[in-house]
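This report describes a protein model with a bound ligand. The ligand site comes before the overall fold and two backbone details.

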Amino acid sequence: MALLPIICYPDERLHTVAKPVTAVDARIQTLIADMLETMYESNGVGLAATQVDVHERVVVMDISEGRDAPLVLINPNMLWISPEKHLNEEGCLSVPGIYDGVQRHDAIKVEALDREGNARFIEADGLLSVCIQHEMDHLLGKVFVEYLSPLKRNRIKTKLLKAQREGRVAKLV
Ligand code: K1U
Ligand code: ZN
């Protein structure tokens, strides 16, 4: 397994739209293992392939207390969203040190393939629902700061660019 470098906002590559996975083969299995290792090492609860500069529809998550219940979604497809929405505090491994409120649907239903390529149906609420919506946004090239006001977003951009210049946040080339 390997740790993968995570792209930091405002890198343009975070706005790439991911393509569907065409085969759940050894290359995808290795990508999943590496993404899980990277997510656990970074203390995240989720990671989308977009964030490690792979533009295919793969997401890994683990919202368990014990960090021992990995969930893998390949080619996730949203089937249902609840009409009710709530403001949730979000963070992002690609936007280090920034947390802010985003309105998300309370509950969702999603279909996807698991890491073995088997079809799965997931009903989610709470943190899992928020996390799946956040990660599926990544696959569409959308970062959570795009839900914030232009003023806040510009402040975040300036702060992270300064942190990258000063070497406090990794800058990938
Ligand atoms: O996509 C990512 O960068 C991972 C992100 C997932 C996420 C967490 C919380 C709300 C929405 C999306 C993170 O893991 S952020 C860091 C984190 O561990 C965390 C933050 C807030 C609540 C719980 C965990
Ligand atoms: Zn994120």
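A residue counts as near a molecule if one of its heavy atoms lies within 4 Å of it. The model is predicted.

**Ligand site**

Around ligand 1 there are 13 residues, and those that come nearest are Val45, Gly46, Gln51, Leu93 and Glu135. Sorted by class, this shell holds 4 nonpolar, 7 polar and 2 charged residues. Helix H2, residues 126-139, supplies the largest share of the shell, with 4 residues.

Oxygen atoms of ligand 1 have polar partners in the protein, including those tabulated here.

| Residue | Partner atom in the protein | Distance to an oxygen atom of ligand 1 |
|---|---|---|
| Asparagine 43 | polar backbone atom | 3.1 Å |
| Glutamine 51 | N or O atom in the side chain | 2.9 Å |
| Histidine 134 | polar side-chain atom | 3.1 Å |

Taken alone, ligand 1 exposes 500 Å², and the protein buries 84% of that area. Where is ligand 1 located? Ligand 1 sits in the largest pocket.

**Overall fold**

The protein has 3 helices and 7 strands. Along the sequence, these elements follow the pattern α-β-β-β-β-β-β-β-α-α. In this order, one helix precedes the run of strands, and the other two helices follow that run.

What radius of gyration would a compact globule with 173 residues have? The expected value is near 16 Å, and the protein has 16 Å, so the two agree. Along the principal axes, the C-alpha atoms of the protein fill a box of roughly 45 × 40 × 30 Å.

**Backbone details**

Which form does the peptide bond from tyrosine 9 to proline 10 take, cis or trans? This peptide bond is cis, with omega near 10°. Proline 10 belongs to the segment before helix H1, which covers residues 26-41.

A second backbone detail concerns aspartate 53, whose phi is near 65°. That value is positive, in a residue other than glycine. Aspartate 53 lies in the loop between strand S1 (46-48) and strand S2 (58-61).

Methods: Residues are numbered from 1 along each chain as its sequence is written. Chains are lettered from A and ligands numbered from 1 in the order in which they are written. This is a predicted model: local features need pLDDT of at least 70, side-chain atom pairs count only at pLDDT 80 or more; totals for chains, interfaces and linings use all residues. Side-chain values use heavy atoms; hydrogens and water are left out. A polar contact is a pair of N or O atoms within 3.5 Å; within protein, one must be able to donate a hydrogen and the other to accept it, and residues adjacent in sequence count only if both atoms are side-chain atoms. Accessible areas come from the Shrake-Rupley method with a 1.4 Å probe; for residues, only the protein chains shown count as cover. On a 1 Å grid over the protein atoms alone, a cavity is a set of points where a 1.4 Å probe fits but cannot get out, and a pocket is an open set with protein on both sides within 12 Å along at least five of seven lines; lining residues have an atom within 4 Å of a point. A molecule sits in a cavity or pocket if more than half of its atoms lie within 2 Å of its grid points. Ala, Val, Leu, Ile, Met, Phe, Trp, Tyr, Cys and Pro count as nonpolar, Asp, Glu, Lys and Arg as charged, and the others, Gly among them, as polar. The radius of gyration is taken over C-alpha atoms; the globule rule is 2.2 Å times the number of residues to the power 0.38.
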